[in-house]
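Trainee: Could you pick one part of this structure and take me through it closely? I would like to know how its residues sit against their surroundings.

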Amino acid sequence: PQIFGVFVSLVFLGQAFTIMLVYVWSRRNPNVRMNFFGLLNFQAPFLPWVLMGFSLLLGNSIIVDLLGIVVGHVYFFLEDVFPNQPGGGRWLKTPSIIKMLFDTPEEDANYNPLPEERPGWKNPVINK
């Protein structure tokens with residue numbers, strides 16, 4: 001959303017990011033039934049559009065919502081649709097620096113955090 005935000009002169013894109021996440025969730029869960037204020041029943045893929053319509057009803061600009069929907073659609077396409085097409089592949093990859101910082105290290109099968117016997121310590125269960 002940040003890249004597209006420059007083109008529409010938006011500084012804070014929290015709402016666009018939220019709509020993007022809602023869009024991706026709704027596309028990944030197409031069979032979920034939704035209810036909006038007890039008035040409107042619909043399937044999950046229509047949720048971003050319902051939220052945009054509600055935003056329009058409140059008199060807000062829908063540019064932020066449209067931006068979130070567009071970015072969500074691009075992300076959904078590149079992450080879920082295109083890789084499953086013949087000749088398709090993943091274009092979005094996590095940078096290696098992020099993986100290095102946040103991935104959990106592989107567990108060592110030989111590591112034992114509590115050895116059976118430690119010098120100067122008597123295990124009350126074993127040493128009765």
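Mentor: Happily. The helices and strands named here are DSSP runs numbered from the N terminus, with H or I over at least four residues for a helix and E over at least two for a strand. This is a predicted model, in which local features need pLDDT of at least 70 and side-chain atom pairs count only at pLDDT 80 or more, while totals for chains, interfaces and linings use all residues. Residues are numbered from 1 along each chain as its sequence is written, and side-chain values use heavy atoms, with hydrogens and water left out.

Let's make helix α3 our part, and approach it by way of the loop between β1 and β2, where F37 lies. F37 is not a glycine, yet its phi is positive, at about 55°. The relative accessible area of F37 is 60%, so F37 counts as exposed; the cut-offs are under 20% for buried, over 50% for exposed and partly exposed in between, using a 1.4 Å probe and protein chains only. F36, by contrast, is buried at 17%.

Those two side chains also meet. Aromatic pairs are rings of Phe, Tyr and Trp (its six-membered ring) with centres within 6.5 Å, called stacked when the planes are under 30 degrees apart, edge-to-face when over 60 and tilted for the rest. The whole structure has 4 such pairs. One of them joins F36 and F37, edge-to-face, with 4.6 Å from centre to centre and 65° between the planes. F36 and F37 belong with F54 to one aromatic cluster.

Now for the helix itself. α3 covers residues 47-57, and its buried residues are L47, P48, V50, M52 and S55. These buried residues pack against α2 (14-28), β1 (33-36), β2 (40-43) and α4 (63-81).

Take S55, which is found in α3, as a close-up. S55 is buried, with a relative accessible area of 6%. Contact means heavy atoms within 4.5 Å. Leaving out residues up to four places away in sequence, S55 touches Q15, N60, S61 and D65.

W49, also in α3, makes a useful comparison. At 40% relative accessible area, W49 is partly exposed. Beyond its neighbours within four places in sequence, W49 is in contact with L66 and I69. The C-alpha atoms of W49 and I69 are 8.5 Å apart, although 20 residues separate the two along the chain. Just after α3, G59 adopts a positive phi of about 90°.

Two of the helices that α3 packs against, α2 and α4, also come up in the largest nonpolar core. A nonpolar core is a set of buried Ala, Val, Leu, Ile, Met, Phe, Trp, Tyr and Cys residues joined through side-chain atoms within 4.5 Å. The largest one has 6 residues: L13, A16, M20, V64, L67 and V71. At least two of its residues come from each of α2 and α4, and α4 gives the largest share, 3 residues. In general, nonpolar side chains in soluble globular proteins tend to be buried together.

To sum up α3: S55 is buried and touches Q15, N60, S61 and D65, whereas W49 is partly exposed and is in contact with L66 and I69.
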